[in-house]
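Here are some notes to read alongside the structure. Take them one at a time, and look for each residue as you go.

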Amino acid sequence: MKTVIVIRLGRLGDVALTGPTIKNLRFLYPDARLILVTRQTYQPMAALLPGLDDSVPFPDDGGYLDLLRLSRQLDDLNPELVVDLHKNFRSFHLGALSKAPYRVVYHKRRKERQDAVNEKKFIDPVPHTVDLYNHVLTELKG
């Protein structure tokens, strides 16, 4: 892999939790260029993540046209892999619009979270978000 795009648009803590996954991607693809797509507000945090080469901002108040512009910008980087750690409308479209031959997507476990919040039903043990992010890499080879 020459270029890997990691998408995590969410909150500051979620961006921080991508660190171990980015580090594992660095171990898997030591010569690849690793780029994180995140909200513009969180770019200073992205700059602190070990193993990350660059970040690309999505405007904090960005709309669909910004999404299309960003998609073209990412394709200009010629990514071979897109790792979607957000799995929402925007990240789905960025991955789907990408010409990258490989794409892996984080499994959000919405039903389990809904059950925990609404019905106080918890699975045992509760997996950590970092473990769930890293589980995405098992779809590759890691």
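**Notes on the model**

1. Let us start with one residue, Tyr64, which sits in helix α4, a helix covering residues 64-75. Please keep in mind that this is a predicted model. Is Tyr64 buried or exposed, or something in between? With a relative accessibility of 42%, Tyr64 is partly exposed, because that label covers values between 20% and 50%.

2. Tyr64 also has company on the surface. Together with Phe89 and Leu97, Tyr64 makes up a nonpolar patch. The accessible area of these three residues adds up to about 300 Å².

3. Next, find the sheet. Five strands build an open sheet in the order β3-β2-β1-β4-β5, and their pairing is parallel. Which strands are at the edges? They are β3 (54-58) and β5 (102-105), each of which pairs on one side only. From one strand to the next, the twist averages 20 degrees.

4. Now look inside the sheet, at β1 (residues 3-7) and β4 (residues 81-84). Four bridges join these two strands in the parallel sense. A good place to see them side by side is Ile5, which stands opposite Val82 in β4.

5. Helix α4 comes back here, as it lies across β1, β2 (33-39) and β3. Relative to β3, the helix runs at about 160 degrees.

6. On to charges. Side chains of opposite charge can pair when their charged atoms come close. How many salt bridges does a search of the whole structure find? The count is four. One of them joins Asp14 to Arg8, with 2.7 Å between the closest N and O atoms. Arg8 is buried, at 6% relative accessible area, whereas Asp14 is partly exposed, at 22%.

7. Another salt bridge is formed by Arg26 and Asp53, whose closest N and O atoms are also 2.7 Å apart. This pair links distant parts of the chain, 27 residues apart: Arg26 belongs to helix α2 (residues 19-28), and Asp53 to the loop between α3 (43-46) and β3. Arg26 has a relative accessible area of 19%, and it counts as buried because the cut-off is under 20%. Asp53 is partly exposed, at 43%.

8. Finally, Asp54 and Arg33 meet through their side chains in a salt bridge of 3.1 Å, N to O. Asp54 is in strand β3 and Arg33 in strand β2, 21 residues apart. Both partners are partly exposed: Asp54 at 34% and Arg33 at 35%.

Key: Residues are numbered from 1 along each chain as its sequence is written. This is a predicted model: local features need pLDDT of at least 70, side-chain atom pairs count only at pLDDT 80 or more; totals for chains, interfaces and linings use all residues. Side-chain values use heavy atoms; hydrogens and water are left out. Patches are made of residues with over 30% relative accessible area and no salt bridge: like charges are joined within 9 Å, nonpolar side chains (Val, Leu, Ile, Met, Phe, Trp, Tyr) within 5 Å. Accessible areas come from the Shrake-Rupley method with a 1.4 Å probe; for residues, only the protein chains shown count as cover. Buried means under 20% relative accessible area, exposed over 50%, partly exposed in between (1.4 Å probe, protein chains only). Two strands pair if DSSP finds at least two bridges between them. Axes are lines fitted to C-alpha atoms, for helices over the stretch in contact, and angles run from 0 to 180 degrees between N-to-C directions. Contact means heavy atoms within 4.5 Å.
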